[in-house]
Amino acid sequence: MTESWLGRILELEVGPVAHGGHCVSRVDGRVLFVRHALPGERVRAEVTEDKGGSFCRADAIEVLSGSEHRVTPPCPLAAPGGCGGCDWQHAEPAYQRELKAAVVAEQLQRLAGITRDVVVEPLEGGPLGWRSRVRLVAGRDGQAGLRAHHSHRVVPIDDCPIAVPGSLDTALSKRWRPGTELEVTSDAENHLHLRELATVRGRTQGKQLSGGMAIQHAAGRDWRLDAHGFWQVHPQAADTLAELVREWADAPRGGVAWDLYAGVGLFASVLADQVGPDGQVLAIESGRRAVSDGERNLADLPQVSWRSGRVEHLIGDAPTPVDVVVLDPPRKGAGRAVVNAIAEGEPDRIVYVACDPAALARDVQFFSEHGYSLTDLRAFDAFPMTHHVECVALLQ
């Protein structure tokens, strides 16, 4: 068995960015995924994880030769041994977007065989103060904090610079039972919602401590929904994505459209506008509370019908032929079975909203097996300072 490198200090030349918030380096035939570094730098790195395979993980603990794009992180906890929430605070915001664009392009090339220039566009508001939903956990001393990277260790915090200003004050001012998890949400009206989570007999149960019903604004509508249910975390993201779906879906009047993984029906509302009262929009969503919120918010649009359950279980009974399909799957993507079912409906166009470029690229490849081509793609920096990126793909 190979001797573990855990704790070993290595001097490294840092290579290209990789998916996941790190860069790639190679030593003695092994791959190292190095956090807190930037491409082209020379660093001293400490190995933080080694499971004995072909790769291990490391943190750059000293920069010997820094990138021109390196900056001082706005949060002192965005460092080795600190909070694991942010990946790129040590890079200029514009360069962060270049790194994300490189990752999206690399995933499309590697997994779908598509060579494409990618630009990641900023959203309004800047790189700080955008995160409207945060999950905290209480440490052994009862103080709420955030978990370290790839760890259950709790890092106590006084504030979080990427969170909506003031949104964490209540949670951080109290002491909690150690291990307590807290969900904090700030909505479009700047109302704060705080929920305590507890695991009882293997099931997570929530106790609402304040608020509970959020108000959001997007796609020309006001939305009332579960404050801790699915909604875009960046305040500008929902409206930005809805407008792009409106442009690309272009559902015909009187037509049929599917909104898969529909959440509370943000995209269904856009599609319903396009198909009109004589058209049909099927919204499929697994979360029962989201379906309930969606039915209430879109009660004025009878052309929208809802089905509650997993997309892969219900899509076989969806109305066909279908003109347009919009899907916004979870991070793991849609998968081959759902792609096959969509293709059987023979939609003219598919608008795919994705929060993971690897899953998107894999599913684009699956769609290509049915004759669909990627005809347009836009990417948005909906999660500044982190490695996450939101993409929207048009397939025809």
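In this predicted model, the residues lining the largest cavity divide into four nonpolar, four polar and one charged. To see them for yourself, select V17, A18, H19, G20, G21, W88, K100, V103 and H387, which together line this largest cavity. The charged member of that selection is K100, while V17, A18, W88 and V103 are the nonpolar ones, and the polar ones are H19, G20, G21 and H387.

Next, switch on the cartoon and colour strand 2 (17–18) and helix 1 (93–112), each of which supplies at least two residues of the lining of the largest cavity. The space that lies inside this cavity comes to about 40 Å³.

How many cavities of 30 Å³ or more are there to visit? The count comes to two, and the tour therefore moves on to the second largest cavity, where about 40 Å³ of space lies.

Select P329, P330, R331, G333, Y352, V353, A354, C355, D356, A359 and L360, since these residues line the second largest cavity. Their lining divides into eight nonpolar residues, one polar residue and two charged residues; the charged ones are R331 and D356, and the polar one is G333.

Which elements should be coloured here, as each supplying at least two residues of this second lining? They are strand 20 (349–354) and helix 8 (357–368), and the largest share of the lining of the second largest cavity, three residues, comes from strand 20.

Definitions and conventions
Residues numbered from 1 in each chain as written. Predicted model: local features only at pLDDT ≥ 70, side-chain atom pairs only at ≥ 80, totals over all residues. Heavy atoms only, no water. 1 Å grid on protein atoms, 1.4 Å probe; cavity = no way out; pocket = protein on both sides within 12 Å on 5 of 7 lines; lining within 4 Å. Points joined across faces, edges and corners; volume = space filled by probe spheres on them. Helix = DSSP H or I, 4+ residues; strand = E, 2+ residues; numbered from the N terminus.
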